[in-house]
Amino acid sequence: MSRVVVTGRVPDAAVEKLRAEHEVDAWPGPQSIDREELLRRVAGADAVVSLLTERVDAELLDAAGPQLKVVANVAVGYDNIDVPACSERGVVATNTPGVLTEATADIALGLVLMATRRLGEGERLIRSGQEWKWGMFFLLGSSLQGKTLGVVGMGGIGQATARRAKAFGMEIVYQSRSEIDPGVAAELGARRVELDELLAVSDVVSLHCPYGPATRHLIGAEQLAAMKDTAYLVNTARGPIVDEAALASALREGRIAGAGLDVYEHEPQVQPELLELDNVVLVPHLGSATVETRTAMAVLAADNVLAVLGGERPPTPIG
């Protein structure tokens, strides 16, 4: 029987699945595990189920020991995992793509609607107890019909977001490393363009690209200046893809109309200036936050662990 360490609280279905075959040491607390405690717990582990709040690096891998076979990340993104360090030690790294596609696309479109229709501002006004009265020019927003959505990163989540936007009457352009399936492109009426053109023509820019050195601050001052002053930026991918200080300046100075963020550059901290602006919607990393999705993610991570410990190829290896 192998020993599996789960670094944070996950749905019971995943823990029970692992416990049916292996010894499981699952962190029970609602708060993230302390780094020192994490390093102590992983010692001697054959498998680690990690959350995106934990950094899996050479230090952790060495603390676990040479018997460690797999690190299963409960997330589609894996910027918290040092994949080369895992490979050097013969440790298989996995993630959970696919199962969170629809939920994250829902949040992306929700942020589009909140930002373009100023729903956050309206909700804050009501809750503050301020007097208000309907008027022809009261909290006017922007419609989506006939507007252009620019999708940066046209993988599964980007395509699902585009499909939702298409239902709202939007035109789709996208920037991606490769062409998408021609059938999907035809269904969406999507046109592939370079990032510069996407920023110039889009009324809403939605980020869905993976995070890495090449995409850090992919959207900075120069890219924000290339957008229309009536355009909106939405980020449900990873926070550091956007230079938050540059975004705050662009929003404050009216160089873009608004933004919607689910992820942050220094999460859980948020650029203080963003907190003072009404034209940005801020939600706390809720992209995959449904009962069904989080359960499916954790169960997929468990399946990855069971496969590797059973000498089989995992369903969703990284790389």
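The exercises below, each with a worked solution, concern a predicted model.

**Exercise 1. Strand β4 and its partners**

Task: Work out which strands pair with β4, and in what sense.

Solution.
Step 1. Take β3, residues 47–50, and look for bridges to β4: there are four, and the two strands pair in the parallel sense. One bridge to locate in the model is that of A47, whose partner in β4 is V70.
Step 2. Follow the chain from β3 to β4. The path goes through helix α3, residues 58–64, and this β-α-β crossover is right-handed.
Step 3. Turn to β5, residues 92–94. Three bridges join β5 to β4, and these strands run parallel. Here A72 stands opposite T94 of β5.
Step 4. Trace the chain onward from β4. With helix α4 (residues 83–88) and β5, strand β4 makes a right-handed β-α-β unit.
Step 5. Sort the side chains of β4, residues 70–73. V70 and A72 point one way, while V71 and N73 point the other way. All four are buried.

**Exercise 2. Helix α11 and the nonpolar core**

Task: Decide whether α11 is largely enclosed or open, and find what it gives to the largest nonpolar core.

Solution.
Step 1. List the buried residues of α11: E244, A246, L247, A248, S249, A250 and L251. A residue is called buried when its relative accessible area is under 20%.
Step 2. Compare this list with the length of the helix. Seven of its nine residues are buried, so α11 is largely enclosed by the rest of the structure.
Step 3. Identify the cover. The elements over the buried residues of α11 include α10, β10 (232–235), β11, α12 and β12 (280–282).
Step 4. Move to the core. The largest nonpolar core holds 30 residues, and L224, L233 and L247 have the most contacts inside it. At least two core residues come from each of α9 (195–201), β9 (204–207), α11 (244–252) and β11 (258–261). The biggest share is that of α11, with five residues.
Step 5. Inspect L247. Apart from neighbours within four places in sequence, L247 is in contact with L224, L233, V242, I256, A259, L261 and L274.
Step 6. Check the two ends of the helix. At the start of α11, a side-chain oxygen of D243 comes to within 3.2 Å of the backbone nitrogen of A245. Just after α11, G254 has a positive phi of about 75°.

**Exercise 3. Unusual backbone geometry**

Task: Find where the cis peptide bond from E267 to P268 lies, and place the positive phi angles of R118 and H217.

Solution.
Step 1. Start with the peptide bond from E267 to P268, which is cis with omega near 10°. P268 belongs to the loop between β11 and α12 (272–275).
Step 2. Take R118. Although not a glycine, R118 has a positive phi of about 60°. R118 sits in the loop between α5 (101–116) and α6 (119–128).
Step 3. Take H217, also not a glycine, with a positive phi of about 55°. The loop that holds H217 lies between β9 and α10 (221–226).
Step 4. Classify the exposure of both. R118 counts as partly exposed because its relative accessibility is 26%. H217 counts as partly exposed because its relative accessibility is 23%.

**Exercise 4. Salt bridges**

Task: The model has 24 salt bridges. For D303, R118 and E179, name the partner and describe the setting of the pair.

Solution.
Step 1. Recall the basis: side chains of opposite charge can pair when their charged atoms come close.
Step 2. D303 pairs with K17, and the closest N and O atoms are 2.6 Å apart. D303 lies in helix α13 (residues 291–309) and K17 in helix α1 (residues 12–19), so this pair ties together parts 286 residues apart in sequence. D303 is partly exposed at 25% relative accessibility, and K17 is partly exposed at 34%.
Step 3. R118, met in Exercise 3, pairs with E121, with the closest N and O atoms 3.0 Å apart. R118 is partly exposed, whereas E121 is buried, with a relative accessible area of 18%.
Step 4. E179 pairs with R192, and the closest N and O atoms are 3.7 Å apart. E179 is in the loop between β7 (171–175) and α8 (182–188) and R192 in strand β8 (residues 191–192), so the pair ties together parts 13 residues apart in sequence. At 54% relative accessibility E179 counts as exposed, while R192, at 33%, is partly exposed.
Step 5. Look for shared partners. Salt bridges of this kind join R3, D25, E37, R40 and R41 into one network.

How values were computed:
Residues are numbered from 1 along each chain as its sequence is written. This is a predicted model: local features need pLDDT of at least 70, side-chain atom pairs count only at pLDDT 80 or more; totals for chains, interfaces and linings use all residues. Side-chain values use heavy atoms; hydrogens and water are left out. Buried means under 20% relative accessible area, exposed over 50%, partly exposed in between (1.4 Å probe, protein chains only). Two strands pair if DSSP finds at least two bridges between them. A crossover is right-handed if, with the strands pointing away from the viewer, the path from the first strand over the helix to the second runs clockwise. A nonpolar core is a set of buried Ala, Val, Leu, Ile, Met, Phe, Trp, Tyr and Cys residues joined through side-chain atoms within 4.5 Å. Contact means heavy atoms within 4.5 Å. A polar contact is a pair of N or O atoms within 3.5 Å; within protein, one must be able to donate a hydrogen and the other to accept it, and residues adjacent in sequence count only if both atoms are side-chain atoms. A salt bridge is a side-chain nitrogen of Lys or Arg within 4 Å of a carboxyl oxygen of Asp or Glu.
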